[in-house]
Amino acid sequence: MLNRIKAFFTSDEAPEREEDAVHAAAAALLVEAARTDNTITESERERILAVTRRYFHLSEDEAQDLLSAAVFDTEGTSPYHRYVSVIMERCPPDQRLWIVEMLWEVAYADGQLNDLEASLLRRIGGLLHISDLDRGEARKRVLARLGLPEDTGLPV
């Protein structure tokens, strides 16, 4: 799996399996969300591993490989539009909503939402054509799943 993921990040060719491209693009967006404050905390790292295992049905090693490749690819200035394009081309709307939920989980990994995270999620949600209502509902589901009050962080 690691070779397939690395191929997505380093090659202009389409990966053999579409789901590999979606997983890689989603992981890159999760890393972008975690990195809004210029660092990826241990809680954010663990949350990324947990959500990729859960949503993509990955083993621990596969999730770790995916995260490592995404961190490497997104170092420096990362054009997240590239990852959004892959997701828009290859994911139906309900799966794009899953990705937004994954992003909310990473944003709330530390129990708070900061203004940079809220801004990034708003932009990515718009680019993924997820309505404000659906994005808000996804946020509420994540807060409930994490046991956080709805007034945690900024209004979105």
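**Inside an all-helix predicted model**

Q: Does threonine 52 count as buried or exposed?
A: In this predicted model, threonine 52 has a relative accessibility of 1%. The cut-off for buried is under 20%. Because 1% falls under that cut-off, threonine 52 counts as buried.

Q: In which helix is threonine 52 found?
A: Look along the sequence for the helix whose range takes in position 52. Residues 42-56 form one such helix, and threonine 52 is found there. That element is helix H3.

Q: Which backbone oxygen does the side chain of threonine 52 reach?
A: Start at the side chain of threonine 52 and look for a backbone oxygen at 2.9 Å. A polar contact needs N or O atoms within 3.5 Å. The partner at 2.9 Å is the backbone oxygen of isoleucine 48.

Q: Which residues does threonine 52 touch, not counting residues up to four places away in sequence?
A: Here we leave out the sequence neighbours of threonine 52, up to four places away. With those set aside, threonine 52 touches Leu30, His57, Leu58, Ala63, Leu66 and Met102.

Q: How many helices does the protein have?
A: Following the chain from the N terminus, the elements run α-α-α-α-α-α-α-α. The secondary structure has zero strands, and the number of helices is eight.

Q: Which helix gives the most to the largest nonpolar core?
A: This core has 47 residues, and those touching the most other members are Leu29, Ile87, Ile99, Leu103, Trp104, Ile124 and Leu128. Helices H2, H3, H4, H5, H6, H7 and H8 each supply at least two residues of this core. With 12 residues, the helix that gives the most is H2.

Q: Which residues does isoleucine 124 touch, not counting residues up to four places away in sequence?
A: Isoleucine 124 is among the core residues that touch the most other members. Once residues up to four places away are left out, its contacts are Leu29, Tyr80, Val84 and Leu103.

Q: How many charged residues are in the lining of the largest pocket?
A: The largest pocket has a volume of about 180 Å³, and its lining includes Glu19, Tyr55, Arg90 and Trp98. Helices H2, H3 and H6 each supply at least two lining residues. By class, the lining has six nonpolar and three polar residues, and the number of charged ones is two.

Q: What percentage of the residues in the protein is buried?
A: The protein has 156 residues in total. Threonine 52 is one of those that count as buried. Across the protein, the buried share is 46%.

Technical notes:
Residues numbered from 1 in each chain as written. Predicted model: local features only at pLDDT ≥ 70, side-chain atom pairs only at ≥ 80, totals over all residues. Heavy atoms only, no water. Helix = DSSP H or I, 4+ residues; strand = E, 2+ residues; numbered from the N terminus. Buried < 20%, exposed > 50% of the residue type's maximum accessible area, 1.4 Å probe, protein only. Polar contact = N/O pair within 3.5 Å; in protein donor to acceptor, adjacent residues only side chain to side chain. Contact = heavy atoms within 4.5 Å. 1 Å grid on protein atoms, 1.4 Å probe; cavity = no way out; pocket = protein on both sides within 12 Å on 5 of 7 lines; lining within 4 Å. Points joined across faces, edges and corners; volume = space filled by probe spheres on them. Nonpolar A, V, L, I, M, F, W, Y, C, P; charged D, E, K, R; others polar. Core = buried A, V, L, I, M, F, W, Y, C linked by side-chain atoms within 4.5 Å.
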